[in-house]
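Me: I have a model to go through, and I would like the reasoning behind each label rather than the label alone. Please set each value against its cut-off.

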Amino acid sequence: MKSIEEKKLTGLTMFMFIVMNFVLSMSATVFGGIMDQVAEQLSISVAETGLLNSVYAYGAGIGVPVFLIFFNRFDRTSLLKVMLGLNILATVAMLLAGNFPLLLITRFIMGFTGNCYGVLATASVAALSDEKSLGSTLSRLIMGSSLALVIGVPLTRALSGILDWRGIFWILSAMMIIALIYFAIKLPKNPNRMPQSGIISEFRFFKNKEVLLSLFTSLVTFIGYGGFYMYLTPYVLDRVPAIERYMSIFLVLVGISAFIGNLLGGKICDKLGYRKALSLGSLLQAGVACAILFTGNMGWVNAALTLWLVMNGWMNGLLINTAINVATQRKSSFMISLNGSGIQIGQALGGNIAAAIISSIGLRYMIIMCILTSVVVYFAETFAKIEQK
């Protein structure tokens, strides 16, 4: 008979974690799908609109590890509920913000509170998973994020004529309130505490080369991929202007690509091991990015290649999340948070670099970032495997 914890992981509680992943992914990425329209509504440039995503990523990347250092010994489940509640308040504050600077501040806070919750949720699910199927379990959890791209972001684009971005966030806030009520009732205090022995013990993981490589990989990978992905919609519109009337359909295809990439990542990880799979994934990412660069004038072919890049990017993202959990033996929420920070800060830095490239030489050349970072990660992973042998 399964334990209570296992039932909670595989039943309705797991479903609620997936739903919350959907909501948080929507909170982080919804501006990307309607970036051109938000820019028009706020009377700012597309590059400035990208700051709404960048500051969210900075809030997640900078604040979460600090939070977990000071609250390392507190009950994880209670912290999870508190951070979800604070994220609801931050979202409402953003909706009530009267100007663009206040909007940026509240987005920063949302990044902090939302990703504190996300790290605690990921650590909780990973702690209850069997190590041999960890990739598949995390794939199920992250499925909520890919579903946001399949359903949520395209739907917001399709409904943008009758439902603006504020209406979208009011709906997301309502979903978070429902999840908070469920967690408050159904999640018992600390059902899955992991061994925690203080800050000094957490910092010892910095001596582990596997951990350091995982953190390096998360940062560098998402500087390239995250920066390009942040401006994916305006990029495709720039390359294929005729796609505007089909943009909702294209965004559905983006979501499907993410869903497939996440699913493949879990299966390939369990079969080949995360390190070998990540090395191959990075090499493939560099190849696809090169193809995008050299087909910039081929319209629909170029758009199709961006879908391949998204699929591969989500596969690599799943492998990166698996890597840090395996490297730490699923015993460090702090290191998992640093890995998430690497992803978020990488996206923010990539977005800033992309904005600079857009302003100077044009949208087409953003992909160069992805080529360079993918090559760096491939060689780092390859040298690590050689050193292990």
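**Labels and their grounds**

Reply: In this predicted model, helix H12 has these buried residues: Leu 232, Thr 233, Pro 234, Tyr 235, Val 236 and Leu 237.

Me: What makes helix H12 (residues 232–239) largely enclosed by the rest of the structure?

Reply: The label follows from a count. Six of the eight residues of H12 are buried, so the helix is largely enclosed by the rest of the structure.

Me: Why is Leu 141 called buried?

Reply: Buried means under 20% relative accessible area. Leu 141 has 2%, so the residue is buried. Leu 141 sits in helix H8 (residues 134–158). Its C-alpha atom is separated by 9.5 Å from that of Phe 22, although the two residues are 119 residues apart along the chain.

Me: Why is the pair of Tyr 182 and Phe 183 called aromatic, and what makes it edge-to-face?

Reply: By the pairing rule, the count comes to seven aromatic pairs. Tyr 182 and Phe 183 form one with 5.9 Å centre to centre and 65° between the planes. Ring centres must lie within 6.5 Å and planes must be over 60 degrees apart for edge-to-face, so the pair meets both conditions. Tyr 182 and Phe 183 are both buried.

Me: Which residues do ring pairs link into a cluster?

Reply: The cluster consists of Phe 17, Tyr 117, Tyr 182 and Phe 183.

Me: How do you know what kind of residues line the largest cavity?

Reply: The lining has 46 residues, and they divide by class into 23 nonpolar, 23 polar and no charged. Asp, Glu, Lys and Arg count as charged, so none of these four belongs to the lining. Nearest the centre of the cavity lie Ser 25, Ser 145, Ile 343, Gln 344 and Gln 347. Helix H16 (residues 333–360) gives the most to this lining, with eight residues.

Me: How many cavities pass the volume cut-off, and how much space lies in the largest?

Reply: There are five cavities of 30 Å³ or more. The largest holds about 1,100 Å³ of space.

Me: What describes the packing of helix H13 (residues 247–272) with helix H15 (residues 300–327)?

Reply: Their axes are 7 Å apart, and the helices pack at an angle of about 40°. H13 passes H15 in a right-handed crossing. By class, this contact has 16 nonpolar, seven polar and no charged residues.

Conventions. Residues are numbered from 1 along each chain as its sequence is written. This is a predicted model: local features need pLDDT of at least 70, side-chain atom pairs count only at pLDDT 80 or more; totals for chains, interfaces and linings use all residues. Side-chain values use heavy atoms; hydrogens and water are left out. On a 1 Å grid over the protein atoms alone, a cavity is a set of points where a 1.4 Å probe fits but cannot get out, and a pocket is an open set with protein on both sides within 12 Å along at least five of seven lines; lining residues have an atom within 4 Å of a point. Grid points are joined across faces, edges and corners, and a volume is the space filled by probe spheres set on the points. Helices (H or I, at least four residues) and strands (E, at least two) are DSSP runs, numbered from the N terminus. Rings of Phe, Tyr and Trp (its six-membered ring) pair if their centres lie within 6.5 Å; planes under 30 degrees apart count as stacked, over 60 as edge-to-face and the rest as tilted. Buried means under 20% relative accessible area, exposed over 50%, partly exposed in between (1.4 Å probe, protein chains only). Axes are lines fitted to C-alpha atoms, for helices over the stretch in contact, and angles run from 0 to 180 degrees between N-to-C directions. A crossing is left-handed if the near helix is turned anticlockwise from the far one by less than a right angle, and right-handed if clockwise.
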